[in-house]
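Colleague: I am new to this structure and would love a close look at one part of it. Could you walk me through it in a friendly way?

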Amino acid sequence: MVAASPTLFTREDVAKNNTADSLHVIIDSKVYDLTEFADAHPGGAHVLLQVAGKDATSEFFQMHRYEVLVRYMKLCIGTVTGETPEVIVPQPGDLCPVPYSEPQWLVPEFSSPYYKESHRKLRNEARIFVDEHFRPEALQIEASGERPSKEIITRMWENGMNPMRLGPGKHLEGHTLLGGVVAPSEFDYFHELVLTQELAKTHGRACNDGFLGGMVIGLPPVLNYCNDIALRDRVARECFSGEKAICLAISEAFAGSDVAGIRTTAVKSPCGKFYIVNGTKKWITNGMWSDYFTTAVRTEKGFSVLLIERGEGVETEQIKTSYSSAAGTAFVTFDNVKVPLNHLLGKENQGFPVIMSNFNHERWVMCCASVCMSRVVVEECLKWSNQRTVFGKRLIDQPVIRQKLAKMIALVESSQAWLEAITYQMCNMSYKQQSLSLAGPIALLKMSVTRAAHEIADDSVQIFGGRGITKTGMGRVIESFHRTYKFDAILGGAEEILGDLAVRQAFRKFPKSML
């Protein structure tokens with residue numbers, strides 16, 4: 001083999017290297033030496049020999065994305081003389097140019113009444129963080145089932161990201177938010193929406209929950225209802241910094257969406273200094289490694305919420321679900337656990353409003369993430385339809401595929417629009433007003449978003465075919481979404497329960513004059 005220069009090759013040069021002993025290919029005008037790699041190729045050396053010495057750009061992008069080229073860039077030995085690579089390799093923080101891959105407010109030719117410059121700056125910084133730090137670790141723990149590292153949680157804490165995930169409020173005071181792109185006093189629910197959707201771009205549902213999902217739903221009741229200010233501030237500091245972890249412990253074996261069916265009890269000790277808690281909780285996100293459990297209990301005359309610290313009598317056991325153990329899903333047992341009286345959140349026997357008001361934010365956060373993950377799937381399908389050739393045509397040239405894509409796009413765009421409309425109401429309501437007025441609308445939004453995810457998941461697998469049910473390679477994102485999208489349809493209240501809740505609340509306001 002003779003090259004025109006140390007880094008430049010003619011196509012004739014490459015064509016001479018067409019055997020197992022010297023195997024070169026051209027991909028997007030770059031020359032790759034696959035001689036040593038051939039035996040390690042997942043598809044076998046035979047596949048590579050079929051394109052040895054040739055331009056394999058079309059064949060490569062039938063099977064892979066640019067990420068694979070980046071991963072094996074060390075195999076690149078030069079460029080074809082007089083040619084320039086055409087494939088766009090995005091840099092950290094870049095917007096995706098594929099149509100409908102970004103929400104409309106991020107598309108240059110469109111405008112929105114909801115977003116300001118601080119939202120755009122936050123989006124940019126958050127995406128850089130996700131591209132450089134968040135997603136690489138997410139993919140690792142999604143596969144291994146490990147708990148997120150202390151390093152990534154600390155990095156998020158130092159950037160002010162952990163407190164931002166709980167929305168606007170006094171808990172943001174004193175924090176520098178992603179390098180100062182937005183002041184704590186300016187932070188609103190649209191900033192939280194932007195951050196939540198960027199953090200959902202991990203391509204893994206379990207790691208999304210693993211990265212302090214328990215804190216997002218378990219800490220707000222402490223911030224909003226803890227009667228002991230010193231306790232509240234200490235727990236918030238410990239959980240935001242990652243020194244300790246917290247989770248929300250509501251669901252039980254006999255009480256999932258039926259919160260009123262909980263059986264875990266809290267009885268005051270004879271000395272009157274403690275609650276004695278007995279019972280179990282099930283499907284508790286982050287429960288395996290949590291130090292605090294925001295727990296719904298049955299007290300003498302109703303329901304109460306207690307902050308229970310891990311200690312004697314508290315045991316956790318891993319629950320295996322259809323997504324990774326990286327979420328730390330647990331079965332929790334409380335066996336005669338002593339809980340100090342100052343760990344009561346809100347008032348005794350009046351815990352139901354604490355539980356229900358917290359559900360609004362939890363469900364809204366789930367909608368933010370689910371819409372984003374649905375959009376990621378739409379992006380994957382658009383890319384695949386453009387590069388995959390069947391029966392001599394690209395998938396996008398098939399009317400049946402265009403129809404599926406049209407439905408998927410319409411579902412994700414309408415979901416985002418409704419989400420933004422409700423977010424605007426949240427920005428203009430107090431926490432108490434949200435509890436009174438938005439429970440029904442948010443419940444309907446979540447039901448609609450997860451129904452849309454159901455349709456998108458189904459059509460995406462049909463578009464990807466066998467790859468859509470394969471955990472590695474081109475269809476990995478599709479397989480993961482199809483396997484895990486149902487979590488959002490169940491957690492935080494099942495679709496049927498939420499739909500019923502919304503309609504019942506609507507009928508409470510039904511005008512008598514219309515009877």
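Modeller: Here is a walk around one helix, followed by a look at the strands. Please keep in mind that this is a predicted model.

Let us start with helix 19, which covers residues 495–508. Gly 499 is one of the residues in this helix. Is Gly 499 buried or exposed? Its relative accessibility is 11%, and because buried means under 20% relative accessible area, Gly 499 counts as buried. Leaving aside residues up to four places away in sequence, Gly 499 touches Leu 444 and Met 447. You can also use Gly 499 to get a sense of distance in the model: Val 182 is 317 residues apart from Gly 499 along the chain, and the C-alpha atoms of the two are separated by 36 Å.

Now follow the chain past the helix. Met 514 sits in the segment after helix 19. With a relative accessibility of 58%, Met 514 counts as exposed, because the exposed class begins over 50%. Which residues join Met 514 in a nonpolar patch on the surface? They are Val 503, Phe 507 and Phe 510. Together, the four residues of this patch have about 430 Å² of accessible area. So this stretch offers you a buried glycine, Gly 499, and an exposed methionine, Met 514.

Next, the strands. Five of them form an open sheet with mixed pairing, and their order is 1-5-4-3-2. Strand 1 (8–9) and strand 2 (18–19) are the edge strands, each pairing on one side only. Strand 2 runs antiparallel to strand 3, residues 22–27, and two bridges join them. If you want a spot to find on screen, look for Thr 19, whose bridge partner in strand 3 is Ser 22.

Further along the chain, strand 7 (residues 265–268) and strand 8 (residues 274–284) are paired in the antiparallel sense over four bridges. In this pairing, Thr 265 has Asn 278 of strand 8 as its bridge partner. The two strands form a hairpin, with five residues between them. In the turn you will find Gly 272, which has a positive phi of about 75°.

Strand 8 also pairs with strand 12, residues 330–340. These two run antiparallel and are joined by eight bridges. Here a handy landmark is Gly 279, whose bridge partner in strand 12 is Phe 334. Strand 8 thus has strand 7 as one partner and strand 12 as another.

Methods. Residues numbered from 1 in each chain as written. Predicted model: local features only at pLDDT ≥ 70, side-chain atom pairs only at ≥ 80, totals over all residues. Heavy atoms only, no water. Patch = residues over 30% accessible without salt bridge, like charges linked within 9 Å, V, L, I, M, F, W, Y side chains within 5 Å. Areas by Shrake-Rupley, 256 points an atom, 1.4 Å probe, with all protein chains shown as cover. Salt bridge = Lys/Arg side-chain N within 4 Å of Asp/Glu carboxyl O. Buried < 20%, exposed > 50% of the residue type's maximum accessible area, 1.4 Å probe, protein only. Pairing = 2+ DSSP bridges. Contact = heavy atoms within 4.5 Å.
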